[in-house]
Amino acid sequence: MVVESLETEIDTAVRVVHLASSLCVKVQEKLHLPNGAHVKSKDDDSPVTVADFGVQAIVSWVLAEVFGDQNLSIVAEEDTETLSEADSLGLLGAVSNAVNDALSEAPKYGLPKPDKPLGSTEILKAISRCNSVGGPKGRHWVLDPVDGTLGFVRGDQYAVALALIENGKVLLGVLGCPNYPVKKECLSNGCNQAMKTKSVAKGCVMYAKRGSGQAWMQPLIVGGIPDSATLLKVSSVDDPALATVCEPVERANSNHLFTAGLANSMGVRKQPMRVYSMVKYAAIARGDAEVFMKFAQSSYKEKIWDHAAGVVIVEEAGGVVTDAGGRNLDFSKGVYLEGLDRGIIACSGQVLHEKIIGAVYASWESSSL
C-alpha cells in the first residue's frame, strides 16, 4: 500500500490534540471546585461541558489557520445551539476564557495563535464551522472533542479524538487520553479514586497513519510536546482464557448480558474491564487489553467520531477492528456507521478475532438483541 505523506496533517493533528488535552486537564480540575466549570445537558440528556465546546473551538480554529477555511470540512459532535441559549451566557464566557487561555499557549506546541483574544462571535463561528456531514467523497476531519463526557465529569477516563478521512478511508487518527494511567491495573475500577489524585502517573497522546504499520504514544507534559515517542504494539495473547475484555461502562451503550454470555462461551476467565470512551481502543493498541466488544441496542446508531481515530491506531499497532460479521467499518456514509452488522469487535490479533466472530455466530440465535 502506498503511504501518502500527510506530514503536515499528522504533525498538526498531534500538536492540536496535545493542546486540546491540556485544556481538558485544566477544565476537569475545576469541575469539582465550588463555582467551577459549567455542565449542561443536551437534548438526549447527555452532559456537555466547557471542555467539549472549548476543544471543538480550538481544533477548528487551528485547522482553519493551518489549512485554510475555504474547503475545510470538519465533522464534529457539538453545535452552538446550547451555547446560544439565553441562559448560557455564563457557559459561553467560561468557554471563551478556556479557549483563549489555551490558544495563548499554542506557540509552545508549535501552533499559531491569534493576534488578539478571540471574541465570543469568533468562538461560536469556530464551533459552528464543524457542521460537515462527511460522506464518500473528499477530505473530512472528524472530531469528538470530549469522547466519554460522563467519564470526564466523573473524573474518570475520556479522550480527545481527531481523525482524517479521505474518500471514505481513515488516513490518520490521534487520541488524547489525559487520564490514561501508566500502569495497566489503574484502568480498572479499583483505581478510579486514585486516578482523581496527582499520585498516579497518567496522560498520553496516541497516533497513527494508515498504511505505516506503526502507532506511537507520547506522554502528556505541561506546556508543550515531548521530543520522543514510544512505538505501540498490541498484545500477543490469543487464548481467550487469558484475554482482558473491554466494554462500555454505560449499559445504554452496550448489551452487557450478551457480551458476558459471549465471553463465557469462549472461556474468558477475567472480569470485563469497563472503561469510558475511546480509551478502550487505546488499551488494545498499548497491549493492556486484548478485546473490545460493543453490541448496542438495535435502535442505537454508531457515530463515526466515536471510532475513526481509535480504529486506525489499533490497526496500525497490529490489531483488527471489524463489525460482528467480520467486515471493515464503513466511514463513507456520513455521520453514522451505516450497515453495521450487530456490533463492533476490536482485537489484538487475527487469531483471537476469528474465535470471537465464530462465537458471535454461535451465540446470536439465543440472544435477545
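## Two helices at right angles

Helices α2 and α4 are roughly perpendicular to each other, a label that goes with angles of 65 to 115 degrees. Their axes cross at roughly 85 degrees and come within 8 Å, with α2 covering residues 50-67 and α4 covering residues 120-128. Here an axis is a line fitted to C-alpha atoms over the stretch in contact, and the angle, on a scale from 0 to 180 degrees, is taken between N-to-C directions. Helices are DSSP runs of H or I with at least four residues, strands are E runs of at least two, and both are numbered from the N terminus.

Who touches whom? On the α2 side we find F53, Q56, A57, S60 and W61, and they meet I123, A126 and I127 of α4, where contact means heavy atoms within 4.5 Å. Sorted by class, that makes six nonpolar residues, two polar and no charged. Nonpolar covers Ala, Val, Leu, Ile, Met, Phe, Trp, Tyr, Cys and Pro; charged covers Asp, Glu, Lys and Arg; the others, Gly among them, are polar.

## About the model

This is a predicted model, where local features need pLDDT of at least 70 and side-chain atom pairs need 80 or more, while totals for chains, interfaces and linings use all residues. Residues are numbered from 1 along each chain as its sequence is written, and side-chain values use heavy atoms, leaving out hydrogens and water.

## A closer look at α2

Helix α2 is mostly covered, with 15 of its 18 residues buried, meaning under 20% relative accessible area (over 50% is exposed, in between is partly exposed; 1.4 Å probe, protein chains only). From first C-alpha to last, α2 reaches 26 Å, close to the 26 Å expected at 1.5 Å a residue; that expected span is 1.5 Å times one less than the number of residues.

At the start of α2, a side-chain oxygen of T49 comes to within 3.1 Å of the backbone nitrogen of A51. After the helix comes G68, with a positive phi near 80 degrees.

## α4's other partner

Helix α3 (residues 89-104) also packs with α4, at an angle of about 85 degrees and with the axes 10 Å apart. L92, V95, S96, V99 and N100 of α3 make this contact with S120, I123 and L124 of α4. The tally here is five nonpolar, three polar and no charged residues.

## Two positive phi angles

L6 isn't a glycine, yet its phi is positive, about 55 degrees. L6 sits in the segment before α1 (7-31) and is buried, at 6% relative accessible area.

R342 isn't a glycine either, and its phi is about 70 degrees. You'll find R342 in the loop between β13 (320-323) and β14 (344-347), and its 21% relative accessibility counts as partly exposed.

Methods. Parallel < 35°, antiparallel > 145°, perpendicular 65-115°, else oblique. Polar contact = N/O pair within 3.5 Å; in protein donor to acceptor, adjacent residues only side chain to side chain.
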